[in-house]
Amino acid sequence: MNTYIGIDLGTSTVKMLLVAADGTILSSVTKDYPVSYPQDGWSEQNPEDWYTAVLAGISELLEGQDKKAVKGISAGGQMHGLVALDADDNVVRPCILWNDGRTAKETEYLNTEIGKAKLTELTGNIAFAGFTAPKILWLKANEPENFARIAKIMLPKDYIVYKLSGTFSSDLSDAAGTLLLDVKNRRWSDEMCSICGVSEKMLPELHESYETVGKLKSELAEKFGLCDVKIIAGAGDNAAAAVGTGTVGEGGCNVSLGTSGTLFVSSATYSEDKRNALHSFCHADGGYHLMGCILSAASCNAWWADGILGTDDYAKEQAGLDKQLGDNNVYFLPYLMGERSPHNDVNARGAFIGMRPDTTRGQMTLAVMEGVAFALKDCLEAARANGVKVERTKICGGGAKSPLWRQIIADVFDMPVDIPVTEQGPSYGAAMLAMVGCGEYADVKSAADAIVRVSETVMPDKAAEKYRERYAMFAKLYPALKDVFRDMSGR
């Protein structure tokens, strides 16, 4: 049986899967790499670290496997990062990541001077600090020598595709997050390129996520013992995760609890969020999607448990908290890296609210998980305000491994939450895209119908009614603190 490699280029790790054509996972590997925070609110990585990790990971992934069966490789990757190469293909500077908050000035310029209405007309979206276009403007203003060296601009997973195949390409789902793409018409926007001072020749050739863009370089094929392996365009991590959970076609919904958190609603047709709270992007299945993104999700739990409590035993910290669902009187705002949807505020910060002398460690742990769920509920309400009907959702990501968190999502959303048999998210979806690109399946929906299965469904419980009241209180907290956050940041 043919096999396929799916790569998930994440923020702190790259996860790789070897998947058989029937969806069976044969091997998995995870490799770490560092994140740099050179200034408050900044977040960077060295693209060469990604590639080193990918090469080591593929070698390990293929140990003991039938290498002749490998037919295709594809990647899902962290979105929005600015990877710049010079004319000799050297990395110009560290990649500015999706959760970097340095571009407040440039974001404000785009949204006010160019104007939200104009941006929406050109791209289907307004500017958010994490998007690529504000990063380009920041680089132009603050590092003009580096800006002048740029010959190629690409996204993180596209750098891996380029290194593996030599093809300078991107897919539409990832490109939609640059604010340089005319999303409705699925092409680069000449006017946005002009606004940012770049030419289209500096941008990669566009493909659908399931299209073949090249072949694995001969020297790499020889290194790994592979033969005639196709490289498929791949997708942004959220679109790839949606494919991996079967969230394709009209009306599907997926919640991702990764480093960031997303609410992803798939659609066969293009639409815009008139309130500018959600992103309107291309989907990896050839359609479109609306997406709300919160910048800190499972990373909040990691910060709280690892950084503050000094433990990695998440299950122990969460034990027994299911008995307190809906009754916690402590709130947590999960804006550790600022916030994107729906507030679009780089100044927002994390905060515990409502603590008393009898507040317990468990209540604060529960508040962190609830705060993430409430922030995602903000995105759900924004989708509903656009007339979107969501009646159930899939869930994936590291945080989705927690039964407690899954129940909280079901109760806060007050809807069934379907748990896929395979919860590998972007890496699994990337492998599925590779299957389509190699002709294993006719299209992405066919692959999803054949491969994706639900293991269980978590139903909302009696706490759902209590969470409606608690969410109403949560919704008051950010507006009350917005000016405080701005004053604290000095912006």
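**Pockets and cavities in a predicted model**

Student: Which helices each supply at least two residues of the lining of the second largest pocket?

Tutor: They are helix H2 (104-123) and helix H16 (463-489), where helices (H or I, at least four residues) and strands (E, at least two) are DSSP runs numbered from the N terminus. H2 gives the most to this lining, with 6 residues. The model is predicted, with local features needing pLDDT of at least 70 and side-chain atom pairs pLDDT 80 or more, while totals for chains, interfaces and linings use all residues. Residues are numbered from 1 along each chain as its sequence is written, and side-chain values use heavy atoms, without hydrogens or water.

Student: How is empty space found, and what volume does the second largest pocket have?

Tutor: Rolling a probe the size of a water molecule over the atoms shows where empty space is left. On a 1 Å grid over the protein atoms alone, a cavity is a set of points where a 1.4 Å probe fits but cannot get out, a pocket is an open set with protein on both sides within 12 Å along at least five of seven lines, and lining residues have an atom within 4 Å of a point. Points are joined across faces, edges and corners, and a volume is the space filled by probe spheres set on them. Here the second largest pocket holds about 460 Å³; 17 residues line this pocket, and Glu108, Asn344, Asp345, Val346 and Asn347 are the closest to its centre.

Student: What lines the largest pocket?

Tutor: The largest pocket, with a volume of about 970 Å³, has 44 lining residues, with Lys15, Leu257, Gly258, Thr259 and Gly398 nearest its centre. Among the elements that give two or more residues to this lining are strand S2 (13-20), strand S3 (25-32) and helix H10 (298-309), and H10 provides the largest share, 5 residues. The lining divides into 15 nonpolar, 22 polar and 7 charged residues, counting Ala, Val, Leu, Ile, Met, Phe, Trp, Tyr, Cys and Pro as nonpolar, Asp, Glu, Lys and Arg as charged, and the others, Gly among them, as polar.

Student: How many cavities of 30 Å³ or more does a search of the whole structure find?

Tutor: The search finds 2. The largest cavity has a volume of about 80 Å³, and its 14 lining residues include Ala129, Gly130, Leu295, Glu339 and Val346, which lie nearest its centre. The second largest cavity contains about 60 Å³ of space, and its lining, which includes Thr132, Trp188 and Pro204, divides into 7 nonpolar, 3 polar and 1 charged.
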